[in-house]
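Biologist: Could you walk me through this one before I set anything up?
Modeller: Gladly; here it is, and you can ask as we go.

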Amino acid sequence: MRLVVAEGELLERVLDSTYPVWNDGLSRQAYSQWNTAQLRTPWGRERLTRFALLDENAGLLASLKRYRYDVRLGAREGWMCGIGAVLTPPDHRGKGHGGALIEQVLANAQREGALVAGLFSEIGEGYYARLGFARVPMDEVTVNVTVKDGAPAMLVRAGTERDYDAICAMHATRAAAATFALRRDPPALHYALAKKRLFAGLSAPGTRQLEFFVAEEGASAVAYVVLSQNQYGWTLEEAGDRDPAGARLGGMLQVLAAREPSQRAPLIRAWWPRSFPVPPQLSLSRRTDPKDIFMLRPLQDVLYEFGAGDVFYWRSDYF
């Protein structure tokens, strides 16, 4: 068995196998375009690789995506080996190929100095727990916006690349108290937004939309929000506010909710870090565990034990 980077014709074979599971309504052509475009972003070129496990006779045995996310774990800074889209073709299941591929990729990451490995499991904890991963507690909530007569008098504009530095600074400030958080820079933020925009743009017309807004003072972004929309409502992908109380963010969401006063307020779901303040204009309800379980495995000599408020992670950085 050989571990190889999936490129060219092999990559298309891998996408043929993963498409039925993770197409999320995209056509096969759009699915290929979406995956290829992610690899062409500045962050994706350096930080995202798709690997395949091959056998000379049996062909493609398993595949996965590996990400290199900059992270902070306690006082230590380093990178996380993110594992995504692990799949074994039906003809080769039950033979341990998926686990073997994960172990090879993690062994390489460990030699390269990765602090931890992380993944989001759609199949429960059991399989990945046997590979040494442990569940990380996170919250999914419904965000309720207090609606007033008319929208607050505040300027909300579309976000642009010139806002990225200010947004990354907000993220660093808000995440500072957490035991575990991503260390985000403008290329990482650009990738997170581009991935969502590409997905919305390649979906069937009118089915999905991504919106990125900021509030500014003195030509500098001081609060922001990223929202994705579909037929079920809004997902608050990520947000930030320099105001310790988060009042600007709350005002922004009031402005956005008031754009169509004749319609009912949309359902808004979010992964809400417990260390992030709840703005006075908002309330949180229906707190549940996310459907996709975040799990970590140490790759270096690091010790950690997470409570529900010790992780700062937005839905925007799901992989």
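Biologist: How many residues are in the hairpin that joins E2 to E3?
Modeller: The hairpin runs from E2 to E3 through three residues, where strands (E, at least two residues) and helices (H or I, at least four) are DSSP runs numbered from the N terminus. Before going further, note that this is a predicted model, in which local features need pLDDT of at least 70 and side-chain atom pairs count only at pLDDT 80 or more, while totals for chains, interfaces and linings use all residues. Residues are numbered from 1 along each chain as its sequence is written, and side-chain values use heavy atoms, with hydrogens and water left out.

Biologist: Which way do E2 and E3 run, and how many bridges join them?
Modeller: Strand E2 (residues 48-55) and E3 are antiparallel and joined by eight bridges, pairing being called when DSSP finds at least two bridges between two strands. Within that ladder, Leu-48 sits opposite Tyr-67 of E3.

Biologist: What else does E3 pair with, say E4?
Modeller: With strand E4 (residues 76-87), E3 pairs in the antiparallel sense over 10 bridges, and Arg-68 has Cys-81 in E4 as its bridge partner. Two residues lie between the strands in that hairpin, where Gly-74 takes a positive phi near 65 degrees. E3 also pairs antiparallel with strand E9 (residues 180-182) over three bridges, and there Val-71 is matched with Leu-182.

Biologist: How many residues of E3 are buried?
Modeller: Of the 15 residues in strand E3 (residues 59-73), 13 are buried, meaning under 20% relative accessible area, with exposed over 50% and partly exposed in between, for a 1.4 Å probe and protein chains only.

Biologist: Back to Cys-81, why does it count as buried?
Modeller: Cys-81 counts as buried because its relative accessibility is 0%. Cys-168 is buried too, at 9%.

Biologist: And how many disulfides does a search of the whole structure find?
Modeller: Zero turn up anywhere in the structure, taking a disulfide as a pair of cysteine sulfur atoms within 2.5 Å.

Biologist: Changing topic, at what angle do H6 and H7 cross?
Modeller: The axes of helix H6 (residues 164-175) and helix H7 (residues 186-202) cross at roughly 105 degrees and come within 9 Å; axes are lines fitted to C-alpha atoms, for helices over the stretch in contact, and angles run from 0 to 180 degrees between N-to-C directions. The two helices are therefore roughly perpendicular, a label for 65 to 115 degrees, whereas under 35 is roughly parallel, over 145 roughly antiparallel and the rest oblique.

Biologist: Which residues of H6 and H7 meet?
Modeller: Tyr-164, Asp-165, Ile-167 and Cys-168 of H6 meet Pro-186, Leu-189, His-190, Leu-193 and Arg-197 of H7, where contact means heavy atoms within 4.5 Å.

Biologist: What does H6 lie across?
Modeller: H6 lies across E10, E11 and E12, running at about 90 degrees to E11. H7 also packs on the sheet, touching E10, E11 and E12, and its direction makes about 140 degrees with that of E10.

Biologist: What is the strand order in the open sheet?
Modeller: The open sheet has seven strands in the order E8-E10-E11-E12-E13-E7-E14, with mixed pairing. Strand E8 (157-158) and E14 stand at the edges, each with a single partner strand, so one side of each is left without a neighbour in the sheet.

Biologist: Is Arg-287, in strand E14, buried or partly exposed?
Modeller: Arg-287 counts as partly exposed because its relative accessibility is 43%. Leaving aside neighbours within four places in sequence, Arg-287 contacts Asp-139, Glu-140, Val-141 and Arg-274.
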